[in-house]
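Me: I keep meeting labels for parts of proteins and would like to know where they come from. Could we go through some together?

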Amino acid sequence: IIQMENQETQYTFKGKAYTAKETNKIGLDDIVCINGIVGYFDALLSDNVILLDESGNEHYIERIAIQDVYLLHRFLSGNKTGISIGELKEAE
């Protein structure tokens with residue numbers, strides 16, 4: 001994690017630096033940072049989300065425990081698999 005002078009935070013994923021962006025929606029395969037864990041948004045389950053980190057490890061994060069969500073890279077614009085951050089934080 002790199003803190004830039006103008007308060008932008010950058011994260012490195014698979015050797016590339018990404019600037020964290022506030023977002024109201026993320027989709028499957030987007031590169032995101034959730035609660036400080038960087039990875040691909042791999043799955044949305046009823047109580048958890050799964051992030052796949054650069055080493056291929058799965059991180060299960062409880063939806064109700066989600067505090068911070070940043071978009072690093074959008075996989076597809078207009079991705080139909082998107083979910084709003086508000087909905088993401090609510091377990092079913």
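**How the labels are earned**

Me: Why is F13 called buried or exposed?

Reply: F13 has a relative accessibility of 2%. Buried means under 20% relative accessible area, exposed over 50% and partly exposed in between, with a 1.4 Å probe and protein chains only. F13 therefore counts as buried. Before we go on, this is a predicted model, where local features need pLDDT of at least 70 and side-chain atom pairs count only at pLDDT 80 or more, while totals for chains, interfaces and linings use all residues. Residues are numbered from 1 along each chain as its sequence is written, and side-chain values use heavy atoms, leaving out hydrogens and water.

Me: What label does Y40 get?

Reply: Y40 has a relative accessible area of 27%, so the label is partly exposed.

Me: What makes F13 and Y40 an aromatic pair, and of which kind?

Reply: Rings of Phe, Tyr and Trp (its six-membered ring) pair if their centres lie within 6.5 Å; planes under 30 degrees apart count as stacked, over 60 as edge-to-face and the rest as tilted. For F13 and Y40 the centres are 5.1 Å apart and the planes make 85°, an edge-to-face pair. The structure holds one aromatic pair.

Me: Which parts of the chain does this pair tie together?

Reply: F13 lies in strand β2 (residues 9–13) and Y40 in strand β6 (residues 37–44), so the pair links parts 27 residues apart in sequence. Helices (H or I, at least four residues) and strands (E, at least two) are DSSP runs, numbered from the N terminus. The protein has one helix and ten strands.

Me: How do you know that β6 and β7 pair?

Reply: Two strands pair if DSSP finds at least two bridges between them. β6 and β7 (residues 48–52) have four bridges and run in the antiparallel sense. Within β7, L52 stands opposite Y40, and I50 stands opposite A43. A hairpin through three residues joins β6 to β7.

Me: What joins β5 to β6?

Reply: Four bridges join β5 (residues 31–34) to β6, and the two run antiparallel. One bridge partner of a β5 residue is V38 in β6, which faces C33. β5 and β6 also form a hairpin with two residues between them, and N35 in the turn has a positive phi of about 50°.

Me: What makes β8 and β9 edge strands?

Reply: The open sheet of five strands has the order β8-β7-β6-β5-β9, with antiparallel pairing. β8 (58–62) and β9 (69–73) each pair on one side only, as edge strands do.
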